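Student: Can you walk me through this model? Short answers are fine.

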Amino acid sequence: MVMATFKLWRGDRDAGRFEDYQTDITEGMVVLDAVHQIQAEQAQDLAVRWNCKAGKCGSCSAEVNGSPKLMCMTRCSDIPLDKPVSIEPMKAFPLIKDLVTDVSWNFQVKKRIKPFKPRQPDADDGTWRMAQADIDRVQEFRKCIECFLCQDVCHVLREHQMHDAFIGPRFFVYGASLEMHPLDIENRLGDLKDSDGIGYCNITKCCTKVCPEDITITDNAIIPLKERVVDEFYDPLQKLFRIFRPRG
Amino acid sequence: MAQAELTLKQHGFGQTRRRDLWWLQPLAVFAGLSTFVIYTTWAAFQGEYYAFGPYLSPLYSPELFGESSHSWFGAKPSWWPAVLPWSPAFLILWAPGGFRLTCYYYRGAYYKAFWADPPSCAVAEPRHRYLGENSFPLILQNIHRYFLYLALLFVVVLAYDVWNALWFTDAATGATSFGIGIGTLVLAANVVFLGGYTLGCHSLRHLVGGIRDRLSASPARLKAYNCVGCLNRRHMLWAWMSLCWVGFSDVYVRLCAMGIWTDLRIL
């Protein structure tokens, strides 16, 4: 057992500060355990959002020592406990209280993305057939738990606060899962270029680094979408080829 | 769309609560890329010591016009403005340079290392204004696939240089014979690294298969997509290996040509 100091952000939209709490850390504890222990023993009014404690609900996103992480998946043994451990809410979203932020902006964005639009059924039984090879590519995107850590670390949202012009990596992953789906026939490329602001992404790969589901966000979702936008709007040769070879 | 009003903004360049050595990677990228750019610029301006026997420095290949035996179309062209310095490298170096400059990996790396945009993940930036690649000038990065087409040609040319590097001319008799020198291996490794980097390009992955939603209908495309994707997963590694080896290849040929290093013959 070791005594560790945690600097927890306490406050609301109007004001806030870090407060120090000391608590015992035992083997196997994760940061969320420590926060719950502090909440139970020292700060009953501490606001913290959590649900599954298994890295699957995406609720307990926060910044541990300045890095966006799921508190339930961050082992205390993996962080230096000889110095105070800072825990603060995500910076890309408005603060509600203490460690809880208002992530509802993300849900508004998601509603705006054109939904799945399958082609006409092509099998005799009135359904579709898909090859595994075709669905493999979008399967990775289905792992997303919507923890919004990628949104939090993205400097376009976090630093430049361009929430009105840029939908963020989470929704490029969502867009890619639809746009690359072998059954989908909707065209979202115009939206990606204009209202979704994919051009603002400058490929720093921070979103990929923080993803707790190890989704290769930049390489497998954002860059392929950027390339499709180039096809559609910036590449004269592709425009020429499309006359003879429709998108498929 | 509703604007999210943030309450915990970061202020001040470099501000972060990260405790790790977040500055180390951008610093290493800055040092590595700066060293390469300075060296290649210097080497390009030399205009000499770029060929040695059957070896031609990759910084000068293809030698479209020049004084060495590797030149495709003869000596310095008469239309080259007299007021400008001359080097065969000036005619070709823009193409591989443009390929690397617009490469998705390098873009992310040099935006961090040279523009601090951001300096590192979750670290505050020096500027408030941000345009990204959404408008001029960085929207021009979308030209990357055109540099890819040129880069693929360069890989073919450099592979041909390796073939040439297998044939040594006897200075006394003028006879040509098959052989392998250390320089041959250096140039061959250069093609392998450049091939791994170029064939793992994100744009190539898109063009060979990523452009389609139903790849299974075209097995050749699917195979090509998987092959390029395999190289793409280590794109950063290929990028750095090829960058360092191109520089080393030029150093090797240059020092051999200057008589400082001796090229050992294996066969």
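Tutor: We can go through the chains, their contact, the domains and a few local details.

Student: What kind of model is it, and what are the ground rules?

Tutor: This is a predicted model: local features need pLDDT of at least 70, side-chain atom pairs count only at pLDDT 80 or more, and totals for chains, interfaces and linings use all residues. Residues are numbered from 1 along each chain as its sequence is written, chains are lettered from A and ligands numbered from 1 in the order in which they are written, and side-chain values use heavy atoms, with hydrogens and water left out.

Student: How many helices and strands are in chain A?

Tutor: Chain A has 10 helices and 7 strands. Both are DSSP runs numbered from the N terminus: helices are H or I with at least four residues, strands are E with at least two. The C-alpha trace of chain A spans about 70 × 40 × 25 Å along its principal axes.

Student: And what is the count in chain B?

Tutor: Chain B has 9 helices and 4 strands. From the N terminus, the order is α-β-β-α-α-α-α-β-β-α-α-α-α. Its C-alpha trace spans about 80 × 50 × 40 Å along the principal axes.

Student: What share of each chain is buried?

Tutor: For chain A, 58% of the 248 residues count as buried. For chain B, 51% of the 267 residues do. Buried means under 20% relative accessible area, exposed means over 50%, and partly exposed is in between (1.4 Å probe, protein chains only).

Student: What about contacts far apart in sequence?

Tutor: A contact means heavy atoms within 4.5 Å. In chain A, take contacts between residues at least 6 apart in sequence: 62% join residues at least 24 apart. In chain B, residues 24 or more positions apart account for 67% of the contacts with a separation of 6 or more.

Student: Now the A–B contact. How many residues does each chain put in?

Tutor: Chain A gives 70 residues and chain B gives 56. The area buried between the two chains is about 5500 Å², and carbon and sulfur atoms give 50% of that. Buried area is the accessible area (1.4 Å probe) that two parts lose on being put together, summed over both.

Student: How many salt bridges and polar contacts are there between the chains?

Tutor: There are 6 salt bridges between chain A and chain B. A salt bridge is a side-chain nitrogen of Lys or Arg within 4 Å of a carboxyl oxygen of Asp or Glu. B:Asp213 forms a salt bridge with A:Arg228, with the closest N and O atoms 2.8 Å apart. The chains also have 32 residue pairs in polar contact, both residues at pLDDT 80 or more. A polar contact is a pair of N or O atoms within 3.5 Å; within protein, one must be able to donate a hydrogen and the other to accept it, and residues adjacent in sequence count only if both atoms are side-chain atoms.

Student: Which elements of chain A supply that side?

Tutor: Several supply at least two residues each, including strand 5 (85–88), helix 2 (104–112) and helix 9 (217–234). Helix 9 of chain A gives the most, with 10 residues. By class, the side of chain A that touches chain B has 31 nonpolar, 16 polar and 23 charged residues. Ala, Val, Leu, Ile, Met, Phe, Trp, Tyr, Cys and Pro count as nonpolar, Asp, Glu, Lys and Arg as charged, and the others, Gly among them, as polar.

Student: Switching topic. Where are the domains in chain A?

Tutor: Domain 1 is 2–101 and domain 2 is 104–244. The bounds come from an automatic or database domain assignment. The C-alpha centres of the two domains lie 31 Å apart.

Student: How do those domains meet?

Tutor: In chain A, 14 residues of domain 1 are in contact with 16 residues of domain 2. The area buried between them is about 1100 Å², with 59% from carbon and sulfur atoms. On the domain 1 side, A:Pro68, A:Ala92 and A:Phe93 lose the most area, together 45% of what that side buries.

Student: Any charge pairing there?

Tutor: The rule finds 2 salt bridges across the domain interface. A:Glu213 forms a salt bridge with A:Lys56, the closest N and O atoms being 2.7 Å apart.

Student: Last one: is A:Arg242 buried or exposed?

Tutor: A:Arg242 is partly exposed, with a relative accessible area of 25%. A:Arg242 sits in helix 10 of chain A. Leaving out residues up to four places away in sequence, A:Arg242 touches A:Asp231 and A:Glu232.
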